[in-house]
Amino acid sequence: MPSGPARAPSGSRYDEQGRNGRGGGRLAWVGELVVVLGMLIGGLLTVFGVASIVAAVFDLAPASADSEVVFTDPVAELAMSLVSLAIGIPVVLFGARQMGKRPAGTVSSVVGRLRWGWLGRCAVVGVPLMVLQLGLMIAWTWDDEPVGDVGGGFPGWSAFAVSLAVVLALVPFQAAAEEYVFRGWLVQVIGRAVRSPWPAVVLASLLFALAHGFGELSGFVLLFYSALWWGWLVIRTGGLEAVIVMHVANNVITFGLAAGFGALDDTSTAADAPWQAMVVELVFAPLYCLVIARMADRRGIARVSP
């Protein structure tokens, strides 16, 4: 039997892309899971180690050895964090190709590649919708904590330009990496063992929410709820493009605002989101997903492998 990468049979859903008959025996998916998770952890530790050495050599480290940050400069600290997460993309693509014996592009979509034209169409809908969603949330919570009172205030045009450049250069890779890991590779690995996509979607959504830490209950509900919708959309459209758009848009706008108000050192995550953000998400998550699903139907976007 050939040992090279092979596509899943024609008509396979996104979560079934690992069912190509080349990934080993019935429990081989466990090996892929363990190896890739080990590589992800190893990658995180490697980035942290290299960053620690750079901070020490160039005198960029905090004075206290007990500090929770590697760099005193919040922009450098943000860049390190984003890079440490962005390595998830090459790691899971390597795992799919070497462990799953399937084309790495099948993690992007059922056609074996990222469909850039479809991604662009999703962005036309998703970016304005995300701007509206975040704008409503900020307006609703303004009296509780005005955006202008967050952080140290506008850092100046030079510092803001540097911060924004880092955000625009790295955040798309960080956000996409989270989609490749949770909505992509993990769903496909579990899909090698179960027939229905929903156990994989639910488990991946739970792990996605937990990965953001423990904050407010409203933040956990927001993350888990939106992840379930996004997981459904990946199966429905046969790829990651639509969810990458929303994740990138959300993170770029959020980090961009933080840069503008000098709050890049804020350690809060979506897990700390207030209840108002959760309520807004209850409406906007299904709104976006249902609109995109309708668009996919009208444009004939492949939801199963050719």
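Visitor: What makes up the protein chain, in helices and strands?
Guide: The chain has 9 helices and 0 strands. Helices here are DSSP runs of H or I with at least four residues, and strands are runs of E with at least two, numbered from the N terminus. Keep in mind that this is a predicted model, where local features need pLDDT of at least 70, side-chain atom pairs count only at pLDDT 80 or more, and totals for chains, interfaces and linings use all residues. Residues are numbered from 1 along each chain as its sequence is written, and side-chain values use heavy atoms, leaving out hydrogens and water.

Visitor: Why is the protein chain called as compact as a globular protein of that length?
Guide: The globule rule is 2.2 Å times the number of residues to the power 0.38, and the radius of gyration is taken over C-alpha atoms. For 306 residues the rule gives 19 Å, and the chain comes out at 20 Å, close to that, so the chain is as compact as a globular protein of that length.

Visitor: How do you know that Cys-122 is in no disulfide?
Guide: A disulfide is a pair of cysteine sulfur atoms within 2.5 Å. By this rule the count is 0. For Cys-122, the nearest cysteine sulfur is that of Cys-289, 10 Å away, and Cys-122 is in no disulfide.

Visitor: Why is Cys-122 called buried?
Guide: Buried means under 20% relative accessible area, with exposed over 50% and partly exposed in between (1.4 Å probe, protein chains only). Cys-122 has 0% relative accessibility, so Cys-122 counts as buried. Cys-289 is buried too, at 0%.
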